[in-house]
Amino acid sequence: MIAAVESDLAIIAVGAAIPDRVVTNDEISQRVETDDAWIQERTGIRERRVAAEGQTVTSLAIIAARQALERADIAPAEIDLILTATASPERSFPSISALVADDIGAHSAGAVDMLAACAGFAYALGHAVAQIHSGLATTVMVIGSEVLSGITDWDDRGTCILFGDGAGAVIIRAGAAPTKENVVVELGVDGSKGGDLVGDLTSRNGKPVDRNIRMNGNVVYRFATQAIVDSTRRVLEAGGWTQDDVDLFVPHQANLRIIESGVARLGFPSERVVITLDSYGNTSSASIPLCLDYAWCTGRLQRGQRLLMMGLGGGLAWGTCLIRWMGEPA
Ligand code: UT7
């Protein structure tokens, strides 16, 4: 589905939680047959962050949420809804969003988690836009949080080189932009390819199975390189925008080659593309808000800019959102 809605909603703040522990490509190559040069050339990843013992999807989400709230300078009671996207929750319930709501004191908020793998954050953003545009919510917190290290098969060199841990949170608010303009959301999925990227979390036929990620890398790669271009073009067209109207392109950080080929075909200059893949790897639903946090901290996010955020992955699902940034400078 795709829709453009005239709205003055905008993102007003971002927060992040980045685990301290750095795992380099060299460290991974001590366990599986791979090397730094191969990983960098094929993926663009130099290192990734891995959660410490006791750090969970919930605890990372809470750190990111608190930071976003502090930077937005609003009261927790003003949050109407918390949506957390994750593919690696430590349990089925209570939801991570419920625990975040309690921790930050968002006692008037509804709270629910969403699962659309690496497209999860974009899906949650799309739902936030819908709730705000319908009038049901004024202020929504959207979180992406992952501890993928817990569901990674560290003996599978085809996947263990890719993933990292972290969390990011944004706050979206009605009336934050001075004028109304087209906000655009596309959410899509091709479930026929669902078996090409699978994350086992709990049990199969009642028996516990190892938590791990299995991926048919080449199929997902082909899907991703096409989806990034097609979805972005549809979103621009639906909103009546062109590439020149987009100030920052924030793609999901799966593989630098996917991003570079997409960006080249779309015609975005590299200075308008945010990359954190080299330092954080693929953090699934956390990758887009971590990019926003990086852009904000480095002064690349300026009030009034239009952001085009695109997530894709397991499902195989994709989500693309064009939304303004109206946060205060760092
Ligand atoms: O976030 C969700 C979305 N995920 C993605 O978008 C991921 C999409 N896929 C990819 O990024 C890439 O497919 C990978 C990075 C996973 C793999 O890169 P590739 O260029 O597609 O490699 P390949 O799977 O075609 O493998 C090429 C060769 C193979 O050897 P042979 O058969 O040519 O002798 C693999 O066995 O590279 C070998 N290989 C490795 N070699 C060193 C596979 N993994 C590794 C490794 N180190 N870690």
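**Entry 1: the loop at leucine 316**

I began with leucine 316, which lies in the loop between β15 and β16 (317–324). The model I am reading is a predicted one. I looked up the peptide bond from glycine 315 to leucine 316 and found it cis, with omega near -10°.

**Entry 2: two more backbone spots**

Next I went to proline 94, in the loop between β5 (81–85) and α4 (96–104). Phenylalanine 93 and proline 94 are joined by a cis peptide bond, and I noted omega at about 5°. I flagged these bonds because most peptide bonds are trans.

Then I checked aspartate 73, in the loop between α3 (57–72) and β5. Its phi is near 55°, a positive value in a residue other than glycine. That went into my notes because most residues other than glycine have a negative phi.

**Entry 3: who touches the ligand?**

Which residues come nearest to the ligand? I counted 22 residues around the ligand, and Thr34, Arg42, His252, Asn255 and Asn282 come nearest. I then looked at polar atom pairs for some of them.

- For threonine 34, I found a polar side-chain atom 2.6 Å from a nitrogen atom of the ligand.
- For arginine 42, a polar side-chain atom sits 2.7 Å from an oxygen atom of the ligand.
- For histidine 252, an N or O atom of the side chain is 2.9 Å from an oxygen atom of the ligand.

I also wanted to know how much of the ligand is covered. Taken alone, the ligand exposes 950 Å², and the protein buries 72% of that.

**Entry 4: where the shell comes from**

I traced the shell around the ligand back to the helices. At least two residues each come from α2 (36–43), α6 (157–160), α7 (217–239) and α8 (256–266). Which helix supplies the largest share of the shell? I found that it is α7, with four residues. By class, I have nine nonpolar, nine polar and four charged residues in the shell around the ligand.

**Entry 5: the largest pocket**

I checked the space taken by the ligand, and it is the largest pocket. I wrote down a volume of about 900 Å³ for this pocket. Its lining runs to 42 residues, and Gly158, Thr159, Leu162, Met215 and Gly217 lie nearest the centre.

Several elements each give at least two residues to the lining of the pocket, among them the strands β10 (197–200), β13 (212–215) and β15. The helices α2, α6, α7 and α8 do so too. Here α7 gives the most, with five residues. I sorted the pocket lining into 21 nonpolar, 15 polar and six charged residues.

**Entry 6: the cavity**

How many cavities of 30 Å³ or more are there? I count one, and about 30 Å³ of space lies in it.

I listed the residues that line this cavity: Ile228, Pro251, His252, Ala254, Asn255, Ile258, Ile259, Met310 and Leu312. I met two of these names before, since His252 and Asn255 are among the residues that come nearest to the ligand. Both α8 and β15 (306–313) supply at least two residues of the cavity lining. By class, the cavity lining holds seven nonpolar residues, two polar and no charged.

**Entry 7: to keep in mind**

For the bench copy, I marked threonine 34, with its polar side-chain atom 2.6 Å from a ligand nitrogen. I also marked α7, which gives the most to the pocket lining and the largest share of the ligand shell.

Key:
Residues numbered from 1 in each chain as written. Predicted model: local features only at pLDDT ≥ 70, side-chain atom pairs only at ≥ 80, totals over all residues. Heavy atoms only, no water. Near = heavy atom within 4 Å. Polar contact = N/O pair within 3.5 Å; in protein donor to acceptor, adjacent residues only side chain to side chain. Areas by Shrake-Rupley, 256 points an atom, 1.4 Å probe, with all protein chains shown as cover. 1 Å grid on protein atoms, 1.4 Å probe; cavity = no way out; pocket = protein on both sides within 12 Å on 5 of 7 lines; lining within 4 Å. Sits in = over half its atoms within 2 Å of the grid points. Nonpolar A, V, L, I, M, F, W, Y, C, P; charged D, E, K, R; others polar. Points joined across faces, edges and corners; volume = space filled by probe spheres on them.
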